[in-house]
Amino acid sequence: MDAKKKELIDGLNEDLANEYAAVILYTNYAAVVSGLYRQILKPFFEEEIPDEQGHALYLAEKIKTLGGDPTTTPAPVKQTDDVKEMLVEGRKAEADTIERYKIRKEQAEELGLTELVIKLEDMIADETHHLEEFDRLLKDPSFS
């Protein structure tokens with residue numbers, strides 16, 4: 001296998017592990033969030049889960065199509081029951097994902113993988129929307 005293609009597959013597996021972790025993170029946070037923010041944040045976290053699952057499924061299929069083996073191991077997940085920390089961790093996960101996807105998009109462009117480039121752009125847009133929502137939630141004066 002070409003070295004650039006292997007590097008792309010390895011990166012996509014890192015992305016896949018992080019999408020798995022995002023599903024776990026948001027599932028856990030939806031379950032443990034409490035206090036005054038529960039009514040707002042429980043549905044917010046639950047709404048993130050299907051997007052991350054869809055990204056994971058796409059990445060796993062693309063890795064296999066490219067000749068790799070999709071990972072089944074999630075990246076580490078930080079557990080907390082502190083509401084601000086949940087939002088900060090969620091925001092960090094989204095920001096990190098955007099940066100990884102930008103790198104992956106460049107790799108896919110180099111290999112002429114147009115469909116993957118377009119899909120990564122869509123995924124960057126999704127993750128950017130998630131990031132902006134976290135930023136807005138973190139503007140609550142109680143988190144200052």
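**Exercises on a four-helix model**

Of the 144 residues of the protein, 41% count as buried. The model is a predicted one.

**Exercise 1.** Determine the secondary-structure content and its order along the sequence, and state how the radius of gyration relates to the globule rule.

*Solution.* Step one: the protein has 4 helices and 0 strands. Step two: read along the sequence, these elements give the pattern α-α-α-α. Step three: the radius of gyration is 16 Å, close to the 15 Å from the globule rule for 144 residues, so the protein is as compact as a globular protein of that length. Step four: along the principal axes, the C-alpha atoms fill a box of roughly 55 × 25 × 20 Å. Step five: among contacts with a separation of 6 or more, 81% join residues 24 or more positions apart.

**Exercise 2.** Classify the packing of helix α1 (residues 3-32) against α2 by orientation and handedness.

*Solution.* Two packed helices are described by the angle between their axes and the distance between the axes. Step one: the axes of α1 and α2 come within 8 Å and cross at roughly 155 degrees. Step two: angles over 145 degrees count as roughly antiparallel, and α1 and α2 are therefore roughly antiparallel to each other. Step three: α1 passes α2 in a left-handed crossing. Step four: by class, this contact of α1 with α2 comprises 16 nonpolar, 4 polar and 8 charged residues.

**Exercise 3.** Carry out the analysis for helix α2 (residues 38-65) and helix α4 (residues 114-138), and give the composition of their contact by class.

*Solution.* Step one: α2 and α4 pack at an angle of about 165 degrees, and their axes are 12 Å apart. Step two: with the limit for roughly antiparallel at over 145 degrees, α2 and α4 are therefore roughly antiparallel to each other. Step three: the crossing of α2 and α4 is left-handed. Step four: on the α2 side the contacting residues include Leu 41, Phe 44, Phe 45 and His 55, while those of α4 include Leu 116, Met 123, His 130 and Phe 134. Step five: the contact of α2 with α4 has 9 nonpolar, 2 polar and 9 charged residues.

**Exercise 4.** Is Gln 107 buried or exposed, and which residues does Gln 107 touch, not counting those up to four places away in sequence?

*Solution.* Step one: Gln 107 lies in helix α3 (residues 83-110). Step two: the relative accessible area of Gln 107 is 13%. Step three: buried means under 20%, so Gln 107 is buried. Step four: leaving out residues up to four places away in sequence, Gln 107 touches Glu 7 and Leu 8.

Key: Residues are numbered from 1 along each chain as its sequence is written. This is a predicted model: local features need pLDDT of at least 70, side-chain atom pairs count only at pLDDT 80 or more; totals for chains, interfaces and linings use all residues. Side-chain values use heavy atoms; hydrogens and water are left out. Axes are lines fitted to C-alpha atoms, for helices over the stretch in contact, and angles run from 0 to 180 degrees between N-to-C directions. Helices (H or I, at least four residues) and strands (E, at least two) are DSSP runs, numbered from the N terminus. Angles under 35 degrees count as roughly parallel, over 145 as roughly antiparallel, 65 to 115 as roughly perpendicular and the rest as oblique. A crossing is left-handed if the near helix is turned anticlockwise from the far one by less than a right angle, and right-handed if clockwise. Contact means heavy atoms within 4.5 Å. Ala, Val, Leu, Ile, Met, Phe, Trp, Tyr, Cys and Pro count as nonpolar, Asp, Glu, Lys and Arg as charged, and the others, Gly among them, as polar. The radius of gyration is taken over C-alpha atoms; the globule rule is 2.2 Å times the number of residues to the power 0.38. Buried means under 20% relative accessible area, exposed over 50%, partly exposed in between (1.4 Å probe, protein chains only).
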